[in-house]
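This report describes the strand pairing, the aromatic contact and the nonpolar core of one chain. The sequence and the structure are shown first.

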Amino acid sequence: ATYQKPLIDYYGHAKLSFYSIGMVFQPVLAGSKNVDMVYGPEDEIPVVVMNMGNEKNVNVEAIIKDENLNEIHRENWLNITLPEGRSFTDLSSFKPGIQTNGMYTIEYVVSAF
């Protein structure tokens, strides 16, 4: 037998998988190319953009936020051409230079133009 959990629970609350599935089925997705979930103060963060579909031009932002969702650092890549098909494009790595210990979130924003 298998046990399959629904994407939405019996009270109507979305599960984490609900958001994960919605995220990965977007035609364009940006994120860290490294599978690590934790970065240290000396680490650089490699960025990749994945495309599924037609060739397109996009801008990408990586926004670092602290525990209170205050923006700490912003990195931009402009006018990136994504090849047609199932493709990935490596962007330059970045080092946010955060001086304070803590937990931070990286939000990736892709905008087409």
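Two strands are taken as paired if DSSP finds at least two bridges between them. The model discussed here is predicted.

**Confidence**

The chain has an average pLDDT of 86, and 94% of its residues score at least 70. Confidence is highest in strand 3, with a mean of 96, and lowest in helix 1 (residues 16-24), with a mean of 73. Where pLDDT is low, the predicted coordinates should not be read in detail.

**The two sheets**

One open sheet consists of three strands in the order 4-3-6, paired in the antiparallel sense. Its edges are strand 4 (71-82) and strand 6 (105-112), each of which pairs on one side only. Neighbouring strands of this sheet are turned against each other by 15° on average, direction ignored.

A further open sheet of three strands follows the order 1-2-5, and the pairing is antiparallel. Strand 1 (28-32) and strand 5 form the edges of this sheet, each pairing on one side only. From one strand to the next, the twist averages 15°.

Two of the strand pairs can be set out with an example of a bridge in each.

| Strand pair | Sense | Bridges | Example of bridge partners |
|---|---|---|---|
| Strand 3 (residues 56-65) and strand 6 | antiparallel | eight | asparagine 59 and serine 111 |
| Strand 2 (residues 45-53) and strand 5 | antiparallel | eight | valine 48 and aspartate 90 |

In the pair of strand 3 and strand 6, serine 111 of strand 6 is thus the bridge partner of asparagine 59. In the pair of strand 2 and strand 5, aspartate 90 of strand 5 takes that place for valine 48.

**The aromatic pair**

A pair of aromatic rings is described by the distance of the centres and the angle of the planes. A search of the whole structure finds one such pair. Tryptophan 77 and phenylalanine 94 form this pair, with 5.8 Å from centre to centre and 70° between the planes. The arrangement is edge-to-face, because planes over 60 degrees apart are placed in that class. Tryptophan 77 belongs to strand 4 and phenylalanine 94 to strand 5 (residues 85-94), so that the pair links distant parts of the chain, 17 residues apart. Both tryptophan 77 and phenylalanine 94 are buried.

**The nonpolar core**

The largest nonpolar core has 14 residues. Those that touch the most other members are Val49, Val60, Trp77, Ile80, Leu82, Leu91 and Phe94; both residues of the aromatic pair, Trp77 and Phe94, are therefore among them. Strand 1, strand 2, strand 3, strand 4 and strand 5 each contribute at least two residues to this core. Strand 3 gives the most, with four residues.

Which residues does valine 60 touch, leaving aside those up to four places away in sequence? Its contacts are Ala30, Val49, Glu75, Asn76, Trp77, Leu91, Val109 and Val110.

**Methionine 50**

Methionine 50 lies in strand 2. Is methionine 50 buried, partly exposed or exposed? Methionine 50 counts as partly exposed because its relative accessibility is 36%, and this class lies between the limits of under 20% for buried and over 50% for exposed.

Leaving aside residues up to four places away in sequence, methionine 50 touches Pro27, Val28, Leu29, Ser87 and Phe88. Methionine 50 and proline 27 are 23 residues apart in sequence, and their C-alpha atoms are 8.0 Å apart in space.

Notes. Residues numbered from 1 in each chain as written. Predicted model: local features only at pLDDT ≥ 70, side-chain atom pairs only at ≥ 80, totals over all residues. Heavy atoms only, no water. Axes fitted to C-alpha atoms, helices over the stretch in contact; angles between N-to-C directions. pLDDT = per-residue confidence, 0-100. Phe/Tyr/Trp six-rings, centres within 6.5 Å; stacked < 30°, edge-to-face > 60°. Buried < 20%, exposed > 50% of the residue type's maximum accessible area, 1.4 Å probe, protein only. Core = buried A, V, L, I, M, F, W, Y, C linked by side-chain atoms within 4.5 Å. Contact = heavy atoms within 4.5 Å.
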